[in-house]
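Visitor: I'd like to go through this one with you, piece by piece. Let's start with a single side chain and work outwards.

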Amino acid sequence: EGIGIAVVFQLEQEGFIDADLADGGTGGIHLLSLIQSYERVIIVDASLDAFPPGTVRVLHPRFASDFPAQLSAHEFGLRDLIMTATVTGYLPEMDLVAISVKNFQRMGMEISKEVEVAIPEAIGAGKKLVAG
């Protein structure tokens with residue numbers, strides 16, 4: 001599900017300028033220099049976990065092992081990106097807004113109804129993190 005992209009798109013539509021916004025899409029390793037150019041990064045992504053679809057959780061991972069086991073459907077996922085950043089010597093402070101989904105089997109931008117209703121909550125969580 002393209003939930004992270006949907007949240008960024010909505011924030012852009014609102015004219016949210018309190019933080020830099022970036023659609024990481026399936027950037028994988030190409031996002032390394034981007035995340036390492038900041039002292040703090042807030043990531044919004046889909047999470048395949050035990051929670052009902054549409055559940056929004058705010059996590060403060062400090063190590064790759066702190067991320068949900070299956071975060072996004074990217075071939076080179078965020079856990080891999082975090083491990084690479086750690087090995088290269090710089091991992092910014094990180095917050096994660098994880099939105100639970102039912103499955104990643106279907107790649108695409110279509111968002112299920114259960115997850116779509118979580119967009120306002122995810123946006124609120126992200127804004128709260130930015131505000132400190």
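Guide: D49 is partly exposed, with a relative accessible area of 22%, where buried means under 20%, exposed means over 50% and partly exposed lies in between, using a 1.4 Å probe and protein chains only. This is a predicted model, in which local features need pLDDT of at least 70 and side-chain atom pairs count only at pLDDT 80 or more, while totals for chains, interfaces and linings use all residues. Residues are numbered from 1 along each chain as its sequence is written, and side-chain values use heavy atoms, with hydrogens and water left out.

Visitor: Which side chain meets D49 in a salt bridge?
Guide: That of R57, with an N to O distance of 2.9 Å; a salt bridge here is a side-chain nitrogen of Lys or Arg within 4 Å of a carboxyl oxygen of Asp or Glu.

Visitor: And is R57 buried or exposed?
Guide: R57 counts as buried, at 18% relative accessibility.

Visitor: How many salt bridges does a search of the whole structure find?
Guide: Six. One of them joins K102 and E114 at 3.7 Å, N to O, and since K102 lies in the loop between β4 and α4 while E114 is in helix α4, the pair ties together parts that are 12 residues apart in sequence. K102 is exposed, with a relative accessible area of 55%, whereas E114 is partly exposed at 36%.

Visitor: What about E116, which residue does that one pair with?
Guide: E116 forms a salt bridge with K113, the closest N and O atoms being 3.7 Å apart, and both residues lie in helix α4, three residues apart, or about one turn of the helix. Salt bridges that share partners also join R40, E93 and D95 into one network.

Visitor: Stepping back, what's the order of elements along the chain?
Guide: From the N terminus on, the elements run α-α-β-β-β-α-β-α-α, which makes five helices and four strands; these are DSSP runs numbered from the N terminus, with helices being H or I over at least four residues and strands E over at least two.

Visitor: Which residues of the last helix, α5, are buried?
Guide: In α5 the buried residues are I119, A122, I123, A125, G126 and L129. They cover an arc of only 160° around the axis, which puts them on the same side of α5, the arc being that of the directions from the helix axis to the C-beta atoms. The face turned away from that buried side carries the exposed residues P120, K128 and A131.

Visitor: What do those buried residues of α5 pack against?
Guide: They pack against α1 (3-14), β1 (40-48), β2 (56-59), β4 (93-101) and α4 (113-116).

Visitor: Now the core: how many residues does the largest nonpolar one have?
Guide: The largest nonpolar core has 19 residues, and those with the most contacts inside it are I3, V7, V97, I99 and I119; such a core is a set of buried Ala, Val, Leu, Ile, Met, Phe, Trp, Tyr and Cys residues joined through side-chain atoms within 4.5 Å. α5 gives the most to this core, with five residues.

Visitor: And what does I3 touch?
Guide: Not counting residues up to four places away in sequence, I3 touches D45, A46, I99, I111, V115 and I119, a contact meaning heavy atoms within 4.5 Å. A second, separate core of 14 residues includes V41, I43, I82 and A85.
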